[in-house]
Amino acid sequence: MTAARQFILPMAFCLMVASILFLALEPGYVGGVIEEELIAGDKEQHLLAFTGLSVFAIVLWPSASPLLLWTGLFVFGGTIELLQGGMNLGREADWTDLYHDMLATTVTLALVCAARIVAERISLHPREWLGNLIGSRHA
């Protein structure tokens, strides 16, 4: 196992999780700068954050079930909304945020699963892969 996979990537993932949690719960100036100046809207921030988390999770745990990864990210997104709902410090729970979190996660995981299927097919002899592809369209 390489040093990157063993130490650097897990640490980067933890830093990303901590940063997202901080920005989601921080009621003051830092969250406002991100919201108003760097990334246009709240929903876009959720899509970007959970796309990044999904990619990191796939890289860190390539043999994990996509459903398990999806469930873990669902729990994380739901926890953020529950914490925001109980804060009363300038943040409030918005369950459409969780919807956008899971939309990004679902699309990312689906694209990776599709890419894995294609990669497996390509590992077949090209003539066999093309034959299967053409044959499946005419069936």
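Let me begin with a definition: a residue is called buried when its relative accessible area is under 20%, exposed when that value is over 50%, and partly exposed in between. With that in hand, I can say that buried residues make up 27% of the 139 residues in this protein. Please keep in mind throughout that what we are looking at is a predicted model.

Let me turn to the overall architecture. The protein has 6 helices and 0 strands, and if you read along the sequence, the pattern is α-α-α-α-α-α. I will spend my time on three of these helices, namely α3, which covers residues 42–60, α4, which covers residues 66–87, and α5, which covers residues 95–122.

How do these helices sit against one another? As a general matter, two packed helices are described by the angle between their axes and the distance between those axes. For α3 and α5, the axes are 8 Å apart and the packing angle is about 40°, and α3 and α5 are therefore oblique to each other. For α4 and α5, the axes come within 9 Å and cross at roughly 160°, and since angles over 145 degrees count as roughly antiparallel, that is the description that applies to α4 and α5. As for handedness, α3 passes α5 in a right-handed crossing, and α4 likewise passes α5 in a right-handed crossing.

Now to the contacts between α3 and α5, taken residue by residue. S54 is found in helix α3, and with a relative accessible area of 1% it is buried. Which distance separates the C-alpha atoms of S54 and T105? The answer is 5.7 Å, although S54 and T105 are 51 residues apart along the chain. A second pair to look at is T108 and T51, which are 57 residues apart in sequence and, from C-alpha to C-alpha, 6.2 Å apart in space. T108 lies in helix α5, and its relative accessible area of 9% makes T108 a buried residue.

Staying with helix α3, we come to A57, which has its place in that helix and which counts as buried because its relative accessibility is 4%. I would like to use A57 as a point from which to look in two directions. In one direction there is F13, which is 44 residues from A57 in sequence, while the C-alpha atoms of A57 and F13 are 7.7 Å apart in space. In the other direction there is L69, which is 12 residues from A57 along the chain, with 6.9 Å separating the C-alpha atoms of L69 and A57. L69 is found in helix α4, and at 11% relative accessibility L69 also counts as buried.

Let me move on to the charged residues. How many salt bridges does the model contain? The count comes to 2, and K43, D94 and D97 are linked in a network of salt bridges. In the salt bridge between K43 and D94, the closest N and O atoms are 2.9 Å apart. K43 lies in helix α3 and D94 in the loop between α4 and α5, so this pair ties together parts that are 51 residues apart in sequence. In the salt bridge between D97 and K43, the closest N and O atoms are 2.4 Å apart. Here D97 lies in helix α5 and K43 in helix α3, so the parts tied together by this pair are 54 residues apart in sequence.

Are the members of this network buried or partly exposed? K43 is partly exposed, with a relative accessible area of 22%, and D94 is partly exposed as well, at 27%, whereas D97 counts as buried, at 4% relative accessibility.

Finally, I would like to come to the surface of the protein. Y99, L103, V107 and L111 form a nonpolar patch there, and together these residues have about 400 Å² of accessible area. V107, one of the members of the patch, has its place in helix α5, and because its relative accessibility is 42%, V107 counts as partly exposed.

To draw this together, helix α5 holds the buried D97 and the buried T108, and V107 of the nonpolar surface patch has its place in α5 too.

Conventions
Residues numbered from 1 in each chain as written. Predicted model: local features only at pLDDT ≥ 70, side-chain atom pairs only at ≥ 80, totals over all residues. Heavy atoms only, no water. Patch = residues over 30% accessible without salt bridge, like charges linked within 9 Å, V, L, I, M, F, W, Y side chains within 5 Å. Areas by Shrake-Rupley, 256 points an atom, 1.4 Å probe, with all protein chains shown as cover. Salt bridge = Lys/Arg side-chain N within 4 Å of Asp/Glu carboxyl O. Helix = DSSP H or I, 4+ residues; strand = E, 2+ residues; numbered from the N terminus. Buried < 20%, exposed > 50% of the residue type's maximum accessible area, 1.4 Å probe, protein only. Axes fitted to C-alpha atoms, helices over the stretch in contact; angles between N-to-C directions. Parallel < 35°, antiparallel > 145°, perpendicular 65-115°, else oblique. Left-handed = near helix turned anticlockwise from the far one by under 90°.
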